[in-house]
Amino acid sequence: MSEQQPSKGDELKLFIFLTVFLAPILSIAIIGGYGFVVWMLQLLMGPPGV
């Protein structure tokens, strides 16, 4: 069985999707999730240093 190799156009479309859409969405989700966790912990345990 021979597998079809992706063309240069397919690779370019995938690269653009990863860099323009997926990377920013993932970074916003990760940073937002971390901020939410810190916020919830401060609600439950009080501000740091108290």
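**A tour along helix α1**

Start by selecting F17 and F21: both sit in helix α1, four residues apart, or about one turn of the helix. Keep in mind that this is a predicted model.

Show the two rings as sticks. A search of the whole structure turns up two aromatic pairs. F17 and F21 make a tilted one, with 6.2 Å centre to centre and 35 degrees between the planes. Are these side chains buried, partly exposed or exposed? F17 counts as partly exposed because its relative accessibility is 42%, and F21 gets that label too, at 47%; the partly exposed class runs between 20% and 50%.

Next, widen the selection to L12, L14, F15, I16, F17, L18, V20, F21, L22, I25, L26 and I30, and turn on the surface. Together they make a nonpolar surface patch of about 1200 Å².

Now click on L26, a member of that patch. L26 belongs to helix α1, which covers residues 8-45. With a relative accessible area of 47%, L26 is partly exposed.

Zoom out and switch to cartoon. What does the secondary structure come to? One helix and zero strands. The C-alpha trace spans about 65 × 25 × 15 Å along its principal axes. The radius of gyration is 20 Å, whereas a compact globule of 50 residues would have one near 10 Å.

Last stop: colour everything by accessibility. Of the 50 residues, 0% count as buried. The protein exposes about 4900 Å², and carbon and sulfur atoms supply 74% of that area.

Definitions and conventions: Residues are numbered from 1 along each chain as its sequence is written. This is a predicted model: local features need pLDDT of at least 70, side-chain atom pairs count only at pLDDT 80 or more; totals for chains, interfaces and linings use all residues. Side-chain values use heavy atoms; hydrogens and water are left out. Patches are made of residues with over 30% relative accessible area and no salt bridge: like charges are joined within 9 Å, nonpolar side chains (Val, Leu, Ile, Met, Phe, Trp, Tyr) within 5 Å. Accessible areas come from the Shrake-Rupley method with a 1.4 Å probe; for residues, only the protein chains shown count as cover. A salt bridge is a side-chain nitrogen of Lys or Arg within 4 Å of a carboxyl oxygen of Asp or Glu. Helices (H or I, at least four residues) and strands (E, at least two) are DSSP runs, numbered from the N terminus. Buried means under 20% relative accessible area, exposed over 50%, partly exposed in between (1.4 Å probe, protein chains only). Rings of Phe, Tyr and Trp (its six-membered ring) pair if their centres lie within 6.5 Å; planes under 30 degrees apart count as stacked, over 60 as edge-to-face and the rest as tilted. The radius of gyration is taken over C-alpha atoms; the globule rule is 2.2 Å times the number of residues to the power 0.38.
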